[in-house]
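Visitor: I would like to learn how to read a model like this one, feature by feature. Where should we start?

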2 protein chains.
Amino acid sequence: MNLKQLSEHLGLSQTTVSRALNGYPEVNETTRRRVERAAAEGNYRPNLRAMSLATGKAMAIGHVVPVAHKNDVVNPVFAEFVAGASQTYNLHGYELMLTIAETKNEESIYRSLAAKRAVDGVIVHSPLRDDPRLALLNEIGLPFVVHGRVCDSKTEYNWIDMNNRRAFKQATQLLIDLGHKKIALVNGQETLSFAWLRRQGYEEAFKDNQLEIEPAFLSSAALTETYGYEKASELLALEKSPSAFLVSSYIVALGIRRAISQAGLNIGKDISVIIHDDELSYFDNSAAVPQFTSTRSSVREAGILAAEMLLKQIDDPGLYPQTQLLESHLTIGSSTGPYKA
Amino acid sequence: MNLKQLSEHLGLSQTTVSRALNGYPEVNETTRRRVERAAAEGNYRPNLRAMSLATGKAMAIGHVVPVAHKNDVVNPVFAEFVAGASQTYNLHGYELMLTIAETKNEESIYRSLAAKRAVDGVIVHSPLRDDPRLALLNEIGLPFVVHGRVCDSKTEYNWIDMNNRRAFKQATQLLIDLGHKKIALVNGQETLSFAWLRRQGYEEAFKDNQLEIEPAFLSSAALTETYGYEKASELLALEKSPSAFLVSSYIVALGIRRAISQAGLNIGKDISVIIHDDELSYFDNSAAVPQFTSTRSSVREAGILAAEMLLKQIDDPGLYPQTQLLESHLTIGSSTGPYKA
DNA sequence: ATCAAAATCCAAAGCGCCTTGAATTACTGA
DNA sequence: TCAGTAATTCAAGGCGCTTTGGATTTTGAT
């Protein structure tokens, strides 16, 4: 069923039917209702491609998720973020176009999306400290929102981020207050800006308390369970081993927990652990007393907000770049306790 | 840069340029090269929407991922599957349109996708034992491939699945061979067909060995870490507690491991655990001696194959329904050992 | 040199929608 | 009653591409 058929069926012109359905004022209310009823009965929806062509809007948003290599880790955060964004798009009649792209192909994918007019804007995932995608997207003139921030950017741009620096400073301070000094930071890859900012928070807390950082306690890598396990095993075997771990994700913490229990130690008693909790739905850390003390921030919520921000930008291209900094909530669980010598 | 501009620039008709770029034979090789060069220089790509409208093909595939309620668990398997599928689409010039949909909205989303002509076909995720989506998609005539199988379907349809029944039968048999009789099955929701089939495999092994199933040892729920922890804690506290766990996912097994170590027991010695391993990239279980004994099957690979199957079906709508059953590999890790009284 | 066949190229129609500008009808006040 | 205005409706053009059917040029064999 297309517009032509529908309008013939109704004995009206295509113009009138189109206007009736799109809420234009210059159509009689009675007619409008008649049209709407017929459209519903015939299960009529405007052909998306024809509509797009006529209006010049793709009614789609691109999400380009980078992976380093073909079979590399897909950041588990992305599914949750996308679940949030998808909610927003559904509400506004937009589609979500997803591409998982190897980093080396990213530029050509963005260019292609723009040239093909496949999307009205994109969400940039996993920004780097100094991310070439900003310049690229500005050059090709595709509206975008970054999930995270680009630390070294000179220009303004739309972003939404969790306050990584503050979260990790706060968490470090909590550990210091508990008497810990040997605090290992098990971080994500520090070319990624979120990890870099977390490290800064960690360092600031040490500086504020005039404590020295032990370089061996700093590590960064892709956030897998194995990484957590291996790093913690290694650190716990040291003569001067850490008494606390500050960990960038729940998944990594699971590996750390494995190493700790294998070493015969007790989380929350012998060793303290604080994680950042993105509130992934299959890792529920929200019990009355959560298993992990954590800095918490819903990444699904971030997805909703990022999508809203982007749609706003698309609606009004003249808008001054929007930014939004979400605060995390430090929640005490059973994985932290006072330092024991 | 659009076709009109490009053809004017070249002093050719739009017809010729279009044909040159689309590989039609009726164009001089010299001309074709000239056109291709100019197109590359001008970074010309056909407008996707215009192309779609003209050809009647959307050049997009829909993935509708169901969640029970708005903030419910997004199956972590989906991200990995989609990463595979996306590879295939990139290769063939298709886009991936993603919707996270509450179950109650699914029907309207499929109908809308079809009526809007937004996609050429869809992948059906997380099929139920008796899934209404098959009839729906057949009714609206949208090509589809199911990731998994619908147990009670009378009609033929395209699917790709892992041999869940055989995998869990084999795993159960391994445990029985090791002397275990009290084997707990920690399964996914058994309205979902994968979980139902796994349960059947488990039951068949028991029957083959003339063993009785203890009903208290069967459980099923959404696959979260917490579920694993709580269920294992509960079972281990029983007077007659299981000596082995057969677990539907890595994530759930992490919770079980937590419960086991909290009970002061040792995995692989006091208690055996076998998991099904979807080879999620952030849970690497592929060490020389993996931490978990597992039935293994790459869900990313399944994504690649499912996408190829669907594209084939779209290319040739007359094709007889294709099916593909992937076998898993039983790999011995350090989480299993002989039964100790 | 000639003519049919093959090789190139082109003009124009059409995909399904929105939107401009004009035409028709209904309503208002004098 | 009638012009003047407001309320409805419509015809037609255009978005950027593919494709049909036809026109033109080249080629090859006689």
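Guide: Start with the backbone of Asn28(B): one of its polar atoms is 3.2 Å from a phosphate oxygen of DNA strand C. Bear in mind throughout that this is a predicted model.

Visitor: Which side chains have an N or O atom beside a phosphate oxygen of DNA strand C?

Guide: Ser18(A) is one of them, with a side-chain N or O atom 2.7 Å from a phosphate oxygen of DNA strand C. From the other chain, Thr16(B) places a polar side-chain atom 2.9 Å from a phosphate oxygen of that strand.

Visitor: How many residues surround DNA strand C, and which are the closest?

Guide: There are 27 around DNA strand C, and Leu3(A), Ser18(A), Arg19(A), Tyr24(A) and Thr15(B) are the closest. Of the DNA strand C atoms that come within 4 Å of the protein, 61% belong to sugar and phosphate. By class, the nearby surface divides into 11 nonpolar, 13 polar and 3 charged residues. Helices H2 and H4 of chain A, and H2 and H4 of chain B, each give at least two residues to the surface near DNA strand C.

Visitor: Now DNA strand D. Which residues come nearest to it?

Guide: Thr15(A), Glu26(A), Leu3(B), Arg19(B) and Tyr24(B) come nearest, out of 27 residues around DNA strand D. Sugar and phosphate make up 61% of the DNA strand D atoms that come within 4 Å of the protein. The elements that each supply at least two residues to the surface here are H2 (14-21) and H4 (48-55) of chain A with H2 (14-21) and H4 (48-55) of chain B.

Visitor: To tell base contacts from phosphate contacts, I would look at the DNA atom in each pair. Which side chains lie by a base of DNA strand D, and which by a phosphate?

Guide: Thr15(A) has a side-chain N or O atom 2.6 Å from a base nitrogen of DNA strand D. Thr15(B) has a polar side-chain atom 3.2 Å from a base oxygen of DNA strand D. For the phosphate, take Tyr44(B), with a side-chain N or O atom 2.9 Å from a phosphate oxygen of DNA strand D.

Visitor: How do I read the two sides of a helix?

Guide: An α-helix has 3.6 residues a turn, so residues three or four places apart point the same way. In helix H1 (residues 3-10) of chain A, the buried residues include Leu6(A), Ser7(A) and Leu10(A). These cover an arc of only 95° around the axis, so they sit on the same side of H1(A). Glu8(A) and His9(A), on the other side of H1(A), are exposed. Among the elements covering the buried residues of H1(A) are H2 and helix H3 (29-41) of chain A. After H1(A) comes Gly11(A), with a positive phi near 70°.

Visitor: And the interface between the protein chains: how many residues of each are in contact?

Guide: 55 residues of chain A are in contact with 55 of chain B. About 4900 Å² is buried between chain A and chain B, 56% of it on carbon and sulfur atoms. Arg49(A), Lys116(A) and Tyr282(A) supply 16% of the area chain A buries against chain B, more than any other three residues.

Visitor: Take one residue, Ser281(B). Is it buried or exposed?

Guide: Ser281(B) has a relative accessible area of 16%, so it is buried. Ser281(B) lies in the loop between strands S9 (272-277) and S10 (293-296) of chain B. The side chain of Ser281(B) reaches the backbone nitrogen of Val74(A) at 3.2 Å. Neighbours within four places in sequence aside, the contacts of Ser281(B) include Asp72(A), Val73(A), Thr224(A), Glu80(B) and Arg300(B).

Technical notes
Residues are numbered from 1 along each chain as its sequence is written. Chains are lettered from A and ligands numbered from 1 in the order in which they are written. This is a predicted model: local features need pLDDT of at least 70, side-chain atom pairs count only at pLDDT 80 or more; totals for chains, interfaces and linings use all residues. Side-chain values use heavy atoms; hydrogens and water are left out. A residue is near a molecule or strand if one of its heavy atoms lies within 4 Å of it. A polar contact is a pair of N or O atoms within 3.5 Å; within protein, one must be able to donate a hydrogen and the other to accept it, and residues adjacent in sequence count only if both atoms are side-chain atoms. Helices (H or I, at least four residues) and strands (E, at least two) are DSSP runs, numbered from the N terminus. Buried means under 20% relative accessible area, exposed over 50%, partly exposed in between (1.4 Å probe, protein chains only). The arc is that of the directions from the helix axis to the C-beta atoms. Contact means heavy atoms within 4.5 Å. Buried area is the accessible area (1.4 Å probe) that two parts lose on being put together, summed over both. Ala, Val, Leu, Ile, Met, Phe, Trp, Tyr, Cys and Pro count as nonpolar, Asp, Glu, Lys and Arg as charged, and the others, Gly among them, as polar.
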